[in-house]
Amino acid sequence: MATPSTDKKNVEVLDTEEDQAVSLAKYTANLSNQFCKERGAFSVVLSGGSLIKSLRKLLEPPYIDSIEWSKWLVFWLDERVVPKDHEDSNYKLANDGFLSKVPILPGNVYAINDKLSAEGAAADYEACLKHLVNRNVIALSEASGFPKFDLMLLGMGPDGHVASLFPGHPLLKENEKWVTFIKDSPKPPPERITFTFPVINSSAYIALVITGAGEAGAVQIALGKSQNSVKLPVQMVSPEGKLTWFLDKDAASKL
Ligand SMILES: O=C1O[C@H](COP(=O)(O)O)[C@@H](O)[C@H](O)[C@H]1O
């Protein structure tokens with residue numbers, strides 16, 4: 001069931017987590033078709049966490065066969081500063097559960113350099129993005145001057161964090177850097193790198209994919225009627241393009 005709230009924001013509440021995964025696959029495949037046709041490429045930004053499991057229907061017919069995987073360019077919204085084969089790595093999570101099962105070109109997978117410090121990895125990833133923007137591989141937002149990704153797939157933690165942008169943290173106010181780092185993440189591991197809000201909010205499309213009762217409180221704050229004085233990170237997600245919330249019934253249970 002889809003409940004459009006504004007032209008730029010849609011909220012979909014799905015009866016089950018399975019229905020949510022089906023709906024997300026359809027949405028992602030449609031955007032992939034659209035961008036591959038229009039631009040010859042599709043830039044997709046992945047979160048870690050439960051999002052990867054929610055992408056599983058893309059690994060099944062009809063999507064596995066119809067998506068032009070060779071035109072996908074894959075990036076990470078945030079990454080933990082650990083080796084790529086570490087259990088906490090968002091790259092490993094995505095690779096094991098999704099990327100290794102689809103014919104995306106290895107050269108189109110832009111993982112974070114795991115040999116660098118948090119500062120170094122953030123600067124290195126930002127330099128990589130700037131190079132891709134200069135070569136017109138990633139679009140640039142004329143409105144903001146920040147890179148404009150075709151689709152960002154965001155998860156959310158029970159505290160309302162998105163990417164590695166946590167409630168009350170000074171990084172929420174970063175408005176110059178494209179990619180930054182955190183060394184005191186309240187959720188382990190403490191050292192991470194993350195896209196900043198200006199990059200997130202320059203996106204053409206954002207899907208916020210939220211599953212389970214544990215997230216219902218933050219969903220209620222973000223989408224319910226009551227007003228909170230200090231915004232949660234998830235409430236700061238406001239793309240140039242279109243935002244769609246994909247909630248299962250449990251995540252929407254307090255609405
Ligand atoms: O630490 C992280 O958490 C968020 C939310 O994860 P979830 O398991 O509650 O969906 C995730 O989106 C982010 O990429 C990750 O690094």
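## A guided tour, residue by residue

**Stop 1: helix α3.** Select Asp-65, which sits in helix α3. Helix and strand names here follow DSSP runs, helices being H or I over at least four residues and strands E over at least two, numbered from the N terminus. Before you go on, know that this is a predicted model, in which local features need pLDDT of at least 70, side-chain atom pairs count only at pLDDT 80 or more, and totals for chains, interfaces and linings use all residues. Residue numbers start from 1 along each chain, as its sequence is written.

Is Asp-65 buried or exposed? Asp-65 counts as exposed because it has 8 C-beta neighbours inside 10 Å. The cut-offs are 20 or more other C-beta atoms within 10 Å for buried, 12 or fewer for exposed, and in between for partly exposed, with C-beta atoms placed from the backbone. Now add Glu-176 to your selection: its C-alpha lies 40 Å from that of Asp-65, and the two are 111 residues apart in sequence.

**Stop 2: how confident is the model?** Try colouring by pLDDT, the predictor's confidence in each residue from 0 to 100. The protein chain has a mean pLDDT of 96, and 97% of its residues reach 70 or more. For the complex, the predictor gives an ipTM of 0.98 and a pTM of 0.96. Where pLDDT is low, the predicted coordinates should not be read in detail.

**Stop 3: the annotated domain.** Select residues 16–245, which an unreviewed UniProt entry lists as "domain: Glucosamine/galactosamine-6-phosphate isomerase". UniProt positions are given in the numbering used here, feature names are shortened, and annotations may be inferred rather than shown by experiment. The C-alpha atoms at the two ends of this span lie 15 Å apart, and the span is 30% helix and 17% strand.

**Stop 4: around the ligand.** Show the ligand and the 14 residues around it; a residue belongs here if its C-beta atom, placed from the backbone, lies within 6 Å of the molecule. Which residues come nearest to the ligand? They are Ser-47, Gly-48, Gly-49, Ser-50 and Gly-155. This shell divides into four nonpolar, eight polar and two charged residues. In that count, Ala, Val, Leu, Ile, Met, Phe, Trp, Tyr, Cys and Pro are nonpolar, Asp, Glu, Lys and Arg are charged, and the others, Gly among them, are polar.

**Stop 5: the largest nonpolar core.** Next, pick out Leu-153, Leu-154, Ala-207, Leu-208 and Leu-247, the members that touch the most others in the largest nonpolar core, which has 73 residues. Strand β11 (residues 205–210) gives the most to this core, with six residues. Such a core is a set of buried Ala, Val, Leu, Ile, Met, Phe, Trp, Tyr and Cys residues joined through C-beta atoms within 7 Å.

Zoom in on Leu-208. Setting aside neighbours within four places in sequence, Leu-208 is in contact with Leu-154, Met-156, Val-237, Leu-243, Trp-245 and Phe-246. Contact is called when two C-beta atoms, placed from the backbone, lie within 7 Å.

**Stop 6: two cis peptide bonds.** Most residues other than glycine have a negative phi, and most peptide bonds are trans. Pro-61 and Pro-62, however, are joined by a cis peptide bond with omega about 0 degrees. Pro-62 is in the loop between α2 (51–54) and α3 (63–66). Another cis bond joins Pro-188 and Pro-189, where omega is about -5 degrees. Look for Pro-189 in the loop between β9 (179–182) and β10 (192–195).

From Pro-189, step across to Asp-88: their C-alpha atoms are separated by 7.4 Å, although the two residues are 101 apart along the chain. Asp-88 belongs to the loop between β5 (78–80) and α4 (90–97). Beyond residues up to four places away in sequence, Asp-88 touches Arg-80, Val-82 and Pro-189. With 15 C-beta neighbours inside 10 Å, Asp-88 counts as partly exposed.

**Stop 7: two positive phi angles.** Asn-136 is not a glycine, yet its phi is positive, about 65 degrees. Asn-136 lies in the loop between α5 (118–134) and β6 (139–140), and counts as exposed because it has 10 C-beta neighbours inside 10 Å. Ala-163, also not a glycine, has a positive phi of about 50 degrees. You will find Ala-163 in the loop between β8 (151–154) and β9, where 28 C-beta neighbours inside 10 Å make Ala-163 buried.

**Last stop: Val-230.** Select Val-230 in the loop between α7 (216–223) and β12 (242–248). Val-230 counts as exposed, with 8 C-beta neighbours inside 10 Å. Measure from there to Val-45: the C-alpha atoms are 27 Å apart, with the two positions 185 residues apart in sequence numbering.
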